[in-house]
Amino acid sequence: MSRFNRIRTWSIAGIALLAAAGFGILASHSLAADKKLVVGFSQVGAESGWRSANTDSIKGEAAKRGITLRFSDAQQKQENQIAALRTFANQHVDVIMFSPVVETGWEPVLREIKAKKIPVIISDRRADVTDDSLYATFIGSDFVEEGRRAGNWLAKYTGGKAVIAELEGTPGSAPANDRKKGFAEVIARYPGMKVVWSQTGEFTRAKGKEAFEAFLKTPEAKDVTVLFAHNDDMALGAIQAMEDAGKKPGKDIIIVSMDSVKPALEAILAGKLNCSVECSPLLGPKLFDAAEAISAGKPVEKRLVVDETVFDASNVTQAVIDARQY
Ligand code: AHR
């Protein structure tokens, strides 16, 4: 082979190699860009209308974005959630999300996940951890503020006079702890307002009804003028219990609750429920925005609070109910 031909052969081979390498870079780059996320989500359960709407929002948004969602229902049990989180970690999903059933007890499993370098997004309910590097972001409502809103609405509506029965959410959960705290903070400013009875209805309609039914049979019930329920489902159960006992909900007993699901707004329109402080379950878009940003190496806010309002007879109409997504 002549010197010229040798140079020509090496040049062609070099160009071919460079082209192949370049193509490899481009190919692997577009593969990364096209790669669809795999997300594991551990949900609390299906205890309320709010929760069902929250699950729909998460599943719907994942499907819309072509994200593979591995969804696990913990049926209100922390041990089920911890097991689901471990499974997701062992499967090396791209992002793990969960809505903690209770506030405490998460550090060990979150440390295991951190060791595998999988980002965690906390959804809806706070997890009480001392090391905030254990999660990337927490997206959800400010439950203390919701409790304050309920207290302020009630103080205004009753002129600061109320004998209150309280139906609490799941013991140890952030919404139960924080709503109670925010509400208590406000009513402590009014000497004429006091809580005389508190019991859990575990955020379900059936348990709310059962607890309030039993309460209505006690002598203290006749003095009660207000029910503060930590969610609409328990309030709706208690409304049923009041009607069964021959009482007029919304009139004989003023009722304030949380979430603002459609059946609650319908109860407001019917005059059976007086106020529902909104708590939005439509977290899907925000959760997956965060998951995609984290996976692309972009910064995300450590805490994202959802904007919410308060519903009562002054702003609930049939048109508002019809337009409601949940
Ligand atoms: O964590 C949000 C709360 O959990 C909702 O208010 C309640 O309805 C749900 O079960």
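The shell around the ligand, meaning residues with a heavy atom within 4 Å of it, draws at least three residues from each of domain 1 (35-140 + 281-295) and domain 2 (143-279 + 312-323), with bounds that come from an automatic or database domain assignment. This is a predicted model, in which local features need pLDDT of at least 70, side-chain atom pairs count only at pLDDT 80 or more, and totals for chains, interfaces and linings use all residues. Residues are numbered from 1 along each chain as its sequence is written, and side-chain values use heavy atoms, without hydrogens and water.

The shell divides into 4 nonpolar, 2 polar and 6 charged residues, and among its members are Trp-50, Phe-143, Arg-179 and Asp-259. Polar contacts, which are pairs of N or O atoms within 3.5 Å, place ligand oxygen atoms against the following side chains.

| Side chain | Distance to a ligand oxygen atom |
|---|---|
| Glu-47 | 2.4 Å |
| Asp-124 | 2.8 Å |
| Arg-125 | 2.8 Å |

Taken alone, the ligand exposes 280 Å², of which the protein buries 100%, the accessible areas coming from the Shrake-Rupley method with a 1.4 Å probe.

How values were computed
Polar contact = N/O pair within 3.5 Å; in protein donor to acceptor, adjacent residues only side chain to side chain. Nonpolar A, V, L, I, M, F, W, Y, C, P; charged D, E, K, R; others polar.
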